There are 2 protein chains.
Amino acid sequence: MSPRKSVAETAATRDRIITSALALATTEGLEGLTIGRLAVDLGMSKAGVIGHFGNKEALQLAVLASAVDRFRLRVPARAVGAAPGTQRLARAFDEWIDYMAEGEGHGGCFLTSVATEFDGRPGPVRDAVLEALASWSTYVKDELRAAVESGQLPKDTDVDQVIFELDGVILAANQSIQFHRDPRAPARARRAIARLLAA
Amino acid sequence: MSPRKSVAETAATRDRIITSALALATTEGLEGLTIGRLAVDLGMSKAGVIGHFGNKEALQLAVLASAVDRFRLRVPARAVGAAPGTQRLARAFDEWIDYMAEGEGHGGCFLTSVATEFDGRPGPVRDAVLEALASWSTYVKDELRAAVESGQLPKDTDVDQVIFELDGVILAANQSIQFHRDPRAPARARRAIARLLAA
């Protein structure tokens, strides 16, 4: 980074690197991100790429943070207008399923894939993924509790069991979209979720 | 491989390499398998390791085939004695959940993790994973059909929907065991499966 570059230019380059890294990590995994490949994709030097972050792990964490931001804006933020409880959850899961099937229709959910990639690799990236998953679970738990309190779901609902099964539906949708490229996956996921939220 | 070695010795060494590679791939992923690391673990030369397979991809395929064999012996083979239909499926899923929670209790399912690892990497490994998943789906579908025909499940059961949701439960159990190390995961998975097979 030349000291002559403005703060805005530096931030724009950083964003461009993160966008490119996120696209690369979507197919290659976050561990498969290589500075060399990224430098080629961006027409930059390796030092130019890494200079914005310091090291590969810091780049991985920046990519993850960006993916979490995108998810928040794309999924829970669009469900804010729905009534608390099952309606808001149904909307959020609907948005998530749409999000997974977007683009070429087989991108799936980046965060879901990264969770599997890092399940056996302790360290800051795994911790950041765990934090993102915990934040989502808290969101779902709060809405499920609101649903129980308002009588939308039975009083004896095992909220943690419903969260476990909702997670499973998302994982199945992700696998079905990414791996099997099954065009019926979104409809199957919606049906499973509707049943869980009507229980 | 020295030409003086017997066929049995060669096969034993090959098995030893595969066992070690499977253990390494369980934490590092199948793509994270490196011949160098494996050679160190086994006290062999890199050439000695790779000589048994030809290249890394052939080693990956051998590891995968070994994991599929272990799965078959551990899961469907133990359900053979159960009555066809929902009882056999319940037994098979029960064995699978036990299998996932074995060892240190957070190994999860190797094949499930590899499926996610290779969903975006076309090639022979991905094809082999797809074949293994398809073979499992066929097994489940046959038993679900037997269940419908014998009246254990309603005539209008959407068999593909049940398969999708059963897959989701296994994926959720795998994530919950491997990533969250949640000791309640096996019980949650069994409860979800019992509900799907009683529908």
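Start by selecting W136(A), which sits in helix α7 (residues 124-149) of chain A. Keep in mind as you go that this is a predicted model. Is W136(A) buried or exposed? Show its surroundings and you will find 22 other C-beta atoms within 10 Å; the cut-off for a buried residue is 20 or more, so W136(A) counts as buried. Now add I50(A) to the selection: W136(A) and I50(A) are separated by 86 residues in sequence and by 30 Å in space, C-alpha to C-alpha.

Next, zoom out to the whole of chain A. Colour it by secondary structure and you will see 9 helices and 0 strands. The C-alpha trace spans about 60 × 35 × 30 Å along its principal axes. Of the 199 residues in chain A, 35% are buried. If you draw the contacts between residues at least 6 apart in sequence, 58% of them join residues at least 24 apart.

Now go to the start of chain A and select α1, residues 7-28. Why does the length of this helix look right? At 1.5 Å a residue, its 22 residues should span 32 Å, and the end C-alpha atoms are 31 Å apart, which agrees. Show the side chains of I17(A), A21(A), A25(A) and T26(A), the buried residues of α1(A). They pack against α2 (35-42), α3 (46-50), α4 (56-74) and α6 of chain A. Step just past the end of α1(A) to G29(A), where phi is positive, at about 85°.

Move across to chain B and pick out α1 (residues 7-28) and α2 (residues 35-42) there. Two packed helices are described by the angle between their axes and the distance between the axes. Here the angle is about 115° and the axes lie 10 Å apart. Look along the pair and you can check that α1(B) passes α2(B) in a right-handed crossing. Which residues make the contact? From α1(B), select R16(B), I17(B), S20(B), A21(B) and L24(B); from α2(B), select R37(B), L38(B), D41(B) and L42(B). Coloured by type, these residues divide into 5 nonpolar, 1 polar and 3 charged.

Stay in chain B for helix α8, residues 124-149. Its 26 residues should span 38 Å at 1.5 Å a residue, and the end C-alpha atoms are 37 Å apart, which agrees. Select V129(B), W136(B), E143(B), L144(B) and A147(B), which are buried in α8(B). Around the buried residues of α8(B) you will find their packing partners: α4 (56-74), α6 (86-101), α7 (110-117) and α9 (159-178) of chain B. After α8(B) comes G151(B), with a positive phi near 85°.

Now bring both chains into view and select the contact between them, with 22 residues from chain A and 22 residues from chain B. On the side of chain A that touches chain B, the elements giving two or more residues are α6 (110-117), α8 (159-178) and α9 (185-198) of chain A. The largest share, 11 residues, comes from α8(A). This side of chain A divides into 7 nonpolar, 9 polar and 6 charged residues.

For the last stop, turn to the largest nonpolar core, which has 93 residues. Which of them touch the most other members? Select A173(A), I193(A), A173(B) and I193(B) to see them. Then centre on I193(B): leaving aside neighbours within four places in sequence, I193(B) is in contact with A90(B), F93(B), L166(B) and V169(B).

Methods:
Residues numbered from 1 in each chain as written. Chains lettered and ligands numbered in written order. Predicted model: local features only at pLDDT ≥ 70, side-chain atom pairs only at ≥ 80, totals over all residues. Helix = DSSP H or I, 4+ residues; strand = E, 2+ residues; numbered from the N terminus. Buried ≥ 20, exposed ≤ 12 C-beta atoms within 10 Å, placed from the backbone. Contact = placed C-beta atoms within 7 Å. Nonpolar A, V, L, I, M, F, W, Y, C, P; charged D, E, K, R; others polar. Expected span 1.5 Å × (residues − 1). Axes fitted to C-alpha atoms, helices over the stretch in contact; angles between N-to-C directions. Left-handed = near helix turned anticlockwise from the far one by under 90°. Core = buried A, V, L, I, M, F, W, Y, C linked by C-beta atoms within 7 Å.
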